[in-house]
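Colleague: I've got a model open and I'd like to learn how to read it. Can we walk through it together?

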Amino acid sequence: MTYGHGTQQDGAVEDAWQRLSPLAVGLVLLNAVVGGLRQHLPLLLGAGAGLAMIERIGLRELALGAGGLLGLALLLSLLYYRRFRYRLEGDVLVVQKGLFEHREFKVAAGHIQHIVQHQPLYLRPFDVVLWEAESPAGEASRIALPGIPRRRAEALERGLREAGGAQAEPPVDADDRPARREAPAFRITWQGVVLHGLASRSVYLVAAMLSPLVRPLERWLHDRLPQLAMADGLPSPWLLVPLGILAVLVLLVALAILAAWWRFHGYVLHDEGTRQVQISGLFHRQQQTLSLPRLQVVEWVQTGLGRLLGRGYLVCHQFGALGSEAAEARRFVVPGLSCRQGETLTARFWSGHRPAVPLRQVDPGYRRVLLWRHLLVLGALGGALLTLVAVPTLPAPAWAALLVMGLGGCAGLAQLRWRATAWAQDDDYLRIRRGVLGRRLSVFPLHHLVALSLQQSWLQRRRGLVTLHIELANGRQTLPYLNETEARRLADRLLAGVEAGQLACSG
């Protein structure tokens with residue numbers, strides 16, 4: 001039994017077993033320590049506090065204990081490194097690993113749909129990457145190689161692509177790589193990164209991350225602000241509150257832009273036939289490979305602010321991308337796009353398809369149903385508020401004004417949701433749009449259907465309407481309140497598309 005070593009194996013994938021880079025020992029140890037701290041931080045803090053109260057245990061004993069644990073972790077990492085090996089057997093990638101239990105993982109090259117290469121800042125001087133591959137089974141089928149040379153990772157990816165039936169590419173030397181990718185399909189500019197930071201959902205994510213700090217800050221202001229003398233140059237509270245809100249908004253926007261720079265700095269998208277390759281990252285460089293034959297749904301996403309700025313981003317969904325946090329981090333995203341660029345790249349992903357039929361809204365009955373739903377929710381919230389909270393007595397005109405405002409808000413929200421819900425069928429493709437202020441347009445071929453169902457309530461039966469639920473590999477798409485005859489015709493067309501796709505695959 002032989003193992004691959006040396007420069008020759010870095011540029012070519014052979015049948016011999018391959019080892020990880022020696023740096024993988026440190027990577028495995030670091031990941032284990034960080035993962036243990038994240039999962040057991042409260043337990044560790046409690047244990048540390050308990051030990052600190054014991055007089056017999058001092059700093060020397062604590063240092064010896066920590067050193068012993070570190071030595072044990074290093075020994076286990078070395079053992080993990082020694083037992084980790086991989087190779088490409090024909091069209092099957094085989095990985096063997098395990099500390100006390102030997103495990104072997106196999107995945108066919110034709111089933112790999114997503115490949116990611118991570119290169120943190122501390123690995124760049126060594127030209128080592130963290131390599132991951134995922135099949136349609138999703139997170140459970142993910143295979144990770146924690147630390148291999150970049151040239152070997154590229155050779156492994158090339159071998160998997162050739163074994164999977166894609167067009168073989170000649171070996172490319174590192175000096176010739178820029179010439180092969182001299183005309184990328186898309187390259188983001190610094191203005192695009194800034195606009196993506198403003199137009200993406202990063203502002204909401206940053207706000208959610210900082211939300212635990214609101215209550216401590218509120219208590220601090222409540223305790224300290226009255227003690228500060230107004231003669232020290234502080235403005236009046238009527239001016240201080242708006243300035244504080246403005247400062248918080250500026251902070252959120254700045255953090256969102258910094259997050260966009262961290263993730264998408266130097267973003268480049270390369271079109272390589274059946275593969276789309278993107279490279280991005282300020283300090284943590286990441287390379288993702290998308291297999292177009294495995295692509296299921298392309299979504300054009302615009303937030304409310306993104307619609308005002310004329311910017312959005314594309315999200316490419318594959319098998320098993322059901323919206324979990326781990327899947328969200330590995331999705332193939334093309335950021336900072338204008339509307340025209342989004343249409344161009346969508347056509348590139350879907351073999352030149354361009355929409356020829358305009359989107360149309362669903363039946364207006366859906367707007368009335370939404371209005372009644374919003375009124376019921378508003379009534380329930382108002383009744384709970386009147387029951388649980390002592391509401392001050394207001395004159396009749398004030399109550400009338402509140403009632404009109406509530407009715408107007410519900411009607412406006414129902415109108416926005418109805419106008420945003422639209423669809424269109426273009427030959428063998430279906431487009432579905434949804435959203436309120438932000439919009440999300442999904443485009444997918446008809447033959448990607450997994451299952452469908454027609455749902456009809458008693459009210460819909462009276463009006464000849466039906467709700468169509470379309471099950472895809474990455475989740476469900478819903479078209480509410482369609483004309484029954486039109487919905488059944490669309491369902492038949494979807495099923496015919498699936499049968500045509502199956503015949504094409506079998507032929």
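Colleague: What percentage of the 507 residues of the protein count as buried?

Modeller: Keep in mind that this is a predicted model. Buried here means under 20% relative accessible area. Of the 507 residues, 37% count as buried. As for the surface, the accessible area comes to about 29100 Å², and 63% of that belongs to carbon and sulfur atoms.

Colleague: How many helices and strands does the protein have?

Modeller: The secondary structure comes to 17 helices and 22 strands. You can also look at how far apart in sequence the contacting residues are. Among contacts between residues at least 6 apart, 57% join residues at least 24 apart.

Colleague: Let's take a sheet. In what order do the strands of the 7-stranded open sheet come?

Modeller: Read across the sheet, strand by strand. The order is β8-β7-β6-β12-β11-β10-β9, with antiparallel pairing. The edges are β8 (143–149) and β9 (186–187), each of which pairs on one side only.

Colleague: Is β8 mostly covered or mostly open?

Modeller: Mostly covered: 5 of the 7 residues in β8 are buried. On its paired side, β8 is joined to β7 by 6 bridges, and the two run antiparallel. One pairing to click on is Ala133, whose bridge partner in β8 is Ile143.

Colleague: And which strand is joined to β10 by 5 bridges?

Modeller: That's β11 (residues 275–280), running antiparallel to β10 (residues 268–272). Look for Glu272, which stands opposite Arg275 in β11. When you follow side chains along a strand, here's the general idea: in a regular strand they alternate between the two faces of the sheet.

Colleague: Which helices should I look at around this sheet?

Modeller: Try two. Helix α5 (residues 150–163) lies across β6 (114–119), β7 (128–134), β8, β11 and β12 (285–291), and runs at about 135° to β8. Helix α13 (residues 339–349) packs on the sheet too, touching β9, β10 and β11, and its direction makes about 30° with that of β10.

Colleague: Now the surface. Which residues form a nonpolar patch there?

Modeller: Leu72, Leu75, Leu76 and Phe100 do, with about 440 Å² of accessible area together. Pick Leu76 as your example; its place is in helix α4 (residues 59–83).

Colleague: Why is Leu76 called partly exposed rather than exposed?

Modeller: Because its relative accessible area is 30%, and the exposed label needs over 50%, while buried needs under 20%. Leu76 falls in between, so partly exposed is the right word.

Terms used
Residues numbered from 1 in each chain as written. Predicted model: local features only at pLDDT ≥ 70, side-chain atom pairs only at ≥ 80, totals over all residues. Heavy atoms only, no water. Patch = residues over 30% accessible without salt bridge, like charges linked within 9 Å, V, L, I, M, F, W, Y side chains within 5 Å. Areas by Shrake-Rupley, 256 points an atom, 1.4 Å probe, with all protein chains shown as cover. Salt bridge = Lys/Arg side-chain N within 4 Å of Asp/Glu carboxyl O. Helix = DSSP H or I, 4+ residues; strand = E, 2+ residues; numbered from the N terminus. Buried < 20%, exposed > 50% of the residue type's maximum accessible area, 1.4 Å probe, protein only. Pairing = 2+ DSSP bridges. Contact = heavy atoms within 4.5 Å. Axes fitted to C-alpha atoms, helices over the stretch in contact; angles between N-to-C directions.
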